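Have the structure open in your viewer and the selection tool ready. We will go from stop to stop, and at each one you will hear what to select and what is there.

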Amino acid sequence: MSSFLPQKAKLLMTLRAQAIMQADILSAIETVPRELFIPENLHAHAYENASLPIGYKQTISQPYIVAVMTQSLELKKTHRVLEIGTGSGYQAAILARLSRRVYTLERLRPLMVSAEKRLKTLQISNITYRHGDGAKGWPEAAPFDRIIITCRVTEIPTALLDQLKEGGILIAPVGPSGKEELVRVKREAEGFEKKSLMPVRFVPMLAGTQA
Ligand code: SAH
C-alpha cells in the first residue's frame, strides 16, 4: 500500500501556511491514514485539502477545517470530548490522539458501524460510539471538557450547552444554510462566551436517528 508521502508533505505545508502551527495536530494529520476513511475510488484525492463524499449524502471535512476545529478546542491529554456527527470517524481519530476519551454520536447507523470497524482496525481504542440523536447529547457521560459539533446547527442545542463543563469549550458551525460560521463557545461561571471564528460550509444536523 502506498503511504502517500509526497501528498502528505504538500498537505502539511498547506496547513502550516494557513496558520496551523500545533505540532501534535500536524502530526496526527500526518499519521492518521485519511485514505481509509473515504471510498476507494477517491483514494488519489485523500490528501487534497478538500471535503469529500462518504456516502449517505454526507462528507468528510476538509483537513484544514478539521485542523482549525481541533486547534480551537485547545485539547489536553486528560480531556473527555463529545463529538456530534461521527461520519467517517476521521475527526474522531484525530481527537482520540489528543485527548483521553472521545464519545462520538451518529444518527445514521451504517456510518457509525463502518466508522467503528475502521477505527478498531486502526487500533484506536479510546473512542466510545453511540447511534443516537446528537441534539440530545450524551447525558450519561456528561459533563464533557470539550464538545465538537461536525454538522451545521441553526442554534446550539441547549442539551449540549448543559453538558459542557465550566471552563469547557464547544465548537460548532452555526447559522442558516450557506451562511454558517464556526463558533467557539466557552462556558464561564456566569454564562457562555461566544466568538465567531470564520465562515464555513457543513451538512446540516438532522432530527432523530435512522437505521
Ligand atoms: N466528523 C465527520 C464528518 C461528519 S459529516 C468525519 O470526520 O467524517 C456530519 C455528520 O453528522 C454526518 O455523518 C451526519 O449523519 C451526522 N449528523 C447529522 N445530524 C445528526 C444528529 N442529529 N445526530 C448525530 N449525528 C448527526
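Start by selecting R184, which counts as buried because its relative accessibility is 14%, under the 20% cut-off. Keep in mind along the way that this is a predicted model. R184 sits in strand β8, which covers residues 181-188. Now show the side chain of R184: it reaches the backbone oxygen of S72 at 3.5 Å. If you leave aside the neighbours within four places in sequence, the residues in contact with R184 include S72, E74, I169, L170 and I171. E193, K194, K195 and L197 are also among its contacts.

**The sheet**

Next, switch to a cartoon view and find the sheet that β8 belongs to. In what order do its strands lie? The order is β5-β4-β3-β6-β7-β8-β9, seven strands in an open sheet with mixed pairing. Colour β5 (127-131) and β9 (191-199): these two stand at the edges with a single partner strand each, so one side of each has no neighbour in the sheet. From one strand to the next, the twist averages 15 degrees.

Move on to β6 (residues 144-149) and β7 (residues 164-174), which run parallel and are joined by four bridges. Select I148 and look across to β7, where I171 stands opposite.

Now pick out helix α4, residues 90-98, which packs on the sheet. Helix α4 touches β3 (80-84), β4 (101-106), β5 and β6, and its direction makes about 170 degrees with that of β3. Eight of the nine residues of α4 are buried, so this helix is largely enclosed by the rest of the structure. To see them, select Y90, Q91, A92, A93, I94, L95, A96 and L98.

**Strand β3**

Stay with β3 for a moment. Is this strand largely enclosed or left open? Five of its five residues are buried, so β3 is largely enclosed by the rest of the structure. In a regular strand, side chains alternate between the two faces of the sheet. Select R80, L82 and I84 for one side of β3, then V81 and E83 for the other; both faces are covered. β3 runs parallel to β4, and five bridges join the two. From E83, look across to T104, which stands opposite in β4.

**The ligand**

Select the ligand next and show what is around it. How many residues surround the ligand? There are 25, and the closest are S88, E106, D133, G134 and L206. Three distances are worth displaying:

- From E106, an N or O atom in the side chain is 2.6 Å from an oxygen atom of the ligand.
- From Q91, a backbone N or O atom lies 3.0 Å from an oxygen atom of the ligand.
- From T150, a polar side-chain atom lies 3.2 Å from a nitrogen atom of the ligand.

On its own, the ligand has 580 Å² of accessible area, and the protein covers 99% of that. You have already met Q91, one of the buried residues of α4.

**A loop with a histidine**

Go now to H43, in the loop between α2 (23-31) and β1 (52-55). H43 is partly exposed, with a relative accessible area of 22%. Its side chain reaches the backbone oxygen of E35 at 2.8 Å. Apart from residues up to four places away in sequence, H43 touches F4, E35 and I38. For a sense of distance, select A17 as well: A17 and H43 are 26 residues apart in sequence and 24 Å apart in space, C-alpha to C-alpha.

**Three backbone details**

For the last stops, show the backbone. Most residues other than glycine have a negative phi, and most peptide bonds are trans.

Select A19, in the loop between α1 (5-17) and α2. A19 is not a glycine, yet its phi is positive, about 75 degrees. This residue is partly exposed, with a relative accessible area of 47%.

Then choose K57, in the loop between β1 and β2 (58-60). K57 also has a positive phi, near 60 degrees. Is K57 buried or exposed? K57 counts as exposed because its relative accessibility is 80%, over the 50% cut-off.

Finish at P143, in the loop between β5 and β6. The peptide bond leading from A142 to P143 is cis, with omega near 0 degrees.

Note on methods: Residues are numbered from 1 along each chain as its sequence is written. This is a predicted model: local features need pLDDT of at least 70, side-chain atom pairs count only at pLDDT 80 or more; totals for chains, interfaces and linings use all residues. Side-chain values use heavy atoms; hydrogens and water are left out. Two strands pair if DSSP finds at least two bridges between them. Axes are lines fitted to C-alpha atoms, for helices over the stretch in contact, and angles run from 0 to 180 degrees between N-to-C directions. Contact means heavy atoms within 4.5 Å. Buried means under 20% relative accessible area, exposed over 50%, partly exposed in between (1.4 Å probe, protein chains only). A polar contact is a pair of N or O atoms within 3.5 Å; within protein, one must be able to donate a hydrogen and the other to accept it, and residues adjacent in sequence count only if both atoms are side-chain atoms. A residue is near a molecule or strand if one of its heavy atoms lies within 4 Å of it. Accessible areas come from the Shrake-Rupley method with a 1.4 Å probe; for residues, only the protein chains shown count as cover.
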